[in-house]
Amino acid sequence: MSEPVLSVENLSLRYRVPGGTVAALRSVSIAVRQGEVLGIAGESGCGKSTLAAAMIDLTGANAEITSGTVRLRGQDILSLSRDSRRRLRGREIAMVFQDPMTAFSPVLTVGEQLVDFQFNINDVPRREKWIRAQHMLARVGLTDPDLAMSRFPHELSGGMRQRAAIAAALLMRPAVLIADEPTTALDVTMEAQIVHLLRELQADYRCAIVIVTHHLGVIAELCDRVAVMYAGEVVEEAPVDVLYHDPRHPYTRALLACDPALIEEATGRLPAIGGRLPDLAHPPPGCAFAERCRLSTERCRIVPPPRVALGPDRSALCHEVAP
Amino acid sequence: MTALLTIDDLGVDLALGGWFGAARRSLNILAGVTLDLKPGETLGLVGESGSGKTTLARAVLGLQQITGGSVRFEGSDLARPADFRAIRRRTALMFQDATASLSPRMTVGEAVTEPFAIHRIAIRNHHEKAAELLAEVGLPPEMAARYPHELSGGQARRVGVARALALKPVLVIADEPTAGLDVSVQAEILNLMSDLKARHGLSYMIITHNLALVRHVADRIAVLYLGRLVETGPTRAIFAAPRHPYTQSLIAAEPKPDPRKRRTDLAIRGEIPSILRRPVGCEFNTRCPLAQDICRAEPPALNDLGQGRAVRCHFAKDITEGGRHELEH
């Protein structure tokens, strides 16, 4: 098995908020290898976007990393200088955001921005950068790249903007592409097309892709491996097929059970996960899911759960799963 | 059974331009939409952004001027603004963005009792009424003192439901009732809506692009494409065998939460055309895998297929579940 391109080890991050801190990531370890698509699944507030931001060193000013490392090809990027980290962004690690409108500047044309994104390449004339950008737009499926280059972001449809954002991210041939909810703002037909495009691009460029989404359908369509997050922790990690067909962590099971797309027979009542997320300003001492878990015992509430290895690339953070 | 709501050949045009003496043009948004909703029924209105779903809902409530056809509610015609005002107590709208639809300067208690003030209905005790409405949607009475920014997405939805139900309407139009919610919270809101439907005999018109959702909650669905009703029928029948090529593509495009059912091809190419450049003939011809010359020349009529199903396609009678492939070759 190849070495990971990007790995996060024991990463803990907290946000300073009025009156205290919120533990957004709690000892997260995850790695993505070259040519692999890793999915990070979970509901709002589980820390998946914070993890994606930490991977590209784009956490907010109120974020504080309290422990752990983020390694790119073995090198700890958190220990680098601000400038060196900045140089990695875009060139080595690129990001696609949920809302492609805010990813572009509204006052410059798409073409001007795609040229600017290549500022890292020195001895190449602007004309050539323009052509590279055009080719990339054609590659991501814009039928008239010439026209798209001359347009302002608001003149493109949502689907075209997201394609342009993917083109922008791939311009520098990054080793890792991180996409945070890349299809959430799109219609189902456009979502299917973007999923299809990402799969093709991944085959062509062999870069590592990290997809962060709450949409279990997108993960199933696209990913090789999945990490399920809950309350700032990775509670289960598994190859995609095993995760959907033999989920082991009670939260993963509950999450899959309440996806209406997985329930074949139409039903007036849908299963729900009762209860609420724990307050991460005061994380519970034991398992974060214990309050909502049907299998939980007294031990779950008091003792932090162990990470149980369940096979190659497979583990769950739970007292009740048997190896 | 007599219909609660009857939409007959509804059309909406928007006036465009007309600045400084330039000729006013009109832009067609909806045309020829015929639908009805029976008491106690849930109708799912499905389509991509720009298909006219929300415009249709607004037209039904008189929030958008109708330029063709008619809308009847409980047997009476709705045409003038006064007619719509008269039905406002019997209908309610749940907005897409639950948090934004609540005034940031009103507490939850004020928001849920505001409909009584608007309709000048005297209530004896506001606190009691608010608590009663909140209990109906599973929220504790203390919630009445909160402001919208203090609510979670799921709680804001519940408040939206409570407010919609305040005047005991018979028809609730819900615009993307679970957009932006996590799956587990989505399930809670849908279960709440179905409980309330059973308890109060409500009818719902649910506007959504989430197919998995309509499959579970709607009795019938209506699929819109670029302002035209392209297919309508019982939900189960449509999902089992969609007849319009657009409905087929839409169902096929939905990502399946099962890695063993990955699609290798693309269910639907291209994008919904701009309403400013409406295709000639069938609106779907630019993306339709089956389009023939006639589709680029003549707009198809809505074909009644019996059993409550209708399809707007020139080949409606030829396309069956397996027939799609026959036509392709």
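This is a short tour of a predicted model, moving from parts of chain A to the contact with chain B.

**Stop 1: the open sheet in chain A.** Select the four strands E2, E1, E4 and E5 of chain A, which lie in the order E2-E1-E4-E5 and pair in the antiparallel sense. Why do E2 (20-33) and E5 (75-76) each have one side without a neighbour in the sheet? Both strands stand at the edges with a single partner strand, so one side of each is left free of a neighbour in the sheet. Now select E4, residues 63-72 of chain A, together with E5(A); two bridges join them in the antiparallel sense. For one of the bridge pairs, pick A:Leu72, whose partner in E5(A) is A:Gln75.

**Stop 2: strand E9 of chain A.** Select residues 225-230 of chain A. Are the residues of this strand mostly covered or uncovered? Six of the six residues of E9(A) are buried. In a regular strand, side chains alternate between the two faces of the sheet. In E9(A), A:Arg225, A:Ala227 and A:Met229 are on one side, with A:Val226, A:Val228 and A:Tyr230 on the other, and both faces are covered.

Next add the strands that pair with E9(A).

- E3, residues 37-41 of chain A, pairs with E9(A) in the parallel sense over four bridges. A:Leu38 has A:Arg225 as its bridge partner in E9(A).
- E10, residues 233-239 of chain A, pairs with E9(A) in the antiparallel sense over six bridges. A:Glu233 in E10(A) stands opposite A:Tyr230.

Look at the turn between E9(A) and E10(A): the two strands form a hairpin with two residues between them. A:Ala231 in this turn has a positive phi of about 50°.

**Stop 3: helix H1 of chain A.** Select residues 48-55 of chain A. Seven of the eight residues of H1(A) are buried, so the helix is largely enclosed by the rest of the structure. The buried residues include A:Lys48, A:Thr50, A:Leu51 and A:Met55. Just after the helix, select A:Asp57, which takes a positive phi of about 60°.

**Stop 4: where the chains touch.** Show both chains. How many residues does each chain bring to the contact? Chain A brings 37 residues and chain B brings 33 residues. On chain B, select H6 (183-200), H7 (211-217), H8 (235-240) and H9 (245-253); each helix supplies at least two residues of the side that touches chain A. H6(B) gives the most to this side, with seven residues. Coloured by type, the residues on this side of chain B are 14 nonpolar, eight polar and 11 charged.

Methods:
Residues are numbered from 1 along each chain as its sequence is written. Chains are lettered from A and ligands numbered from 1 in the order in which they are written. This is a predicted model: local features need pLDDT of at least 70, side-chain atom pairs count only at pLDDT 80 or more; totals for chains, interfaces and linings use all residues. Two residues are in contact if their C-beta atoms, placed from the backbone, lie within 7 Å. Ala, Val, Leu, Ile, Met, Phe, Trp, Tyr, Cys and Pro count as nonpolar, Asp, Glu, Lys and Arg as charged, and the others, Gly among them, as polar. Two strands pair if DSSP finds at least two bridges between them. A residue is buried if 20 or more other C-beta atoms lie within 10 Å of its own, exposed if 12 or fewer, and partly exposed in between; C-beta atoms are placed from the backbone.
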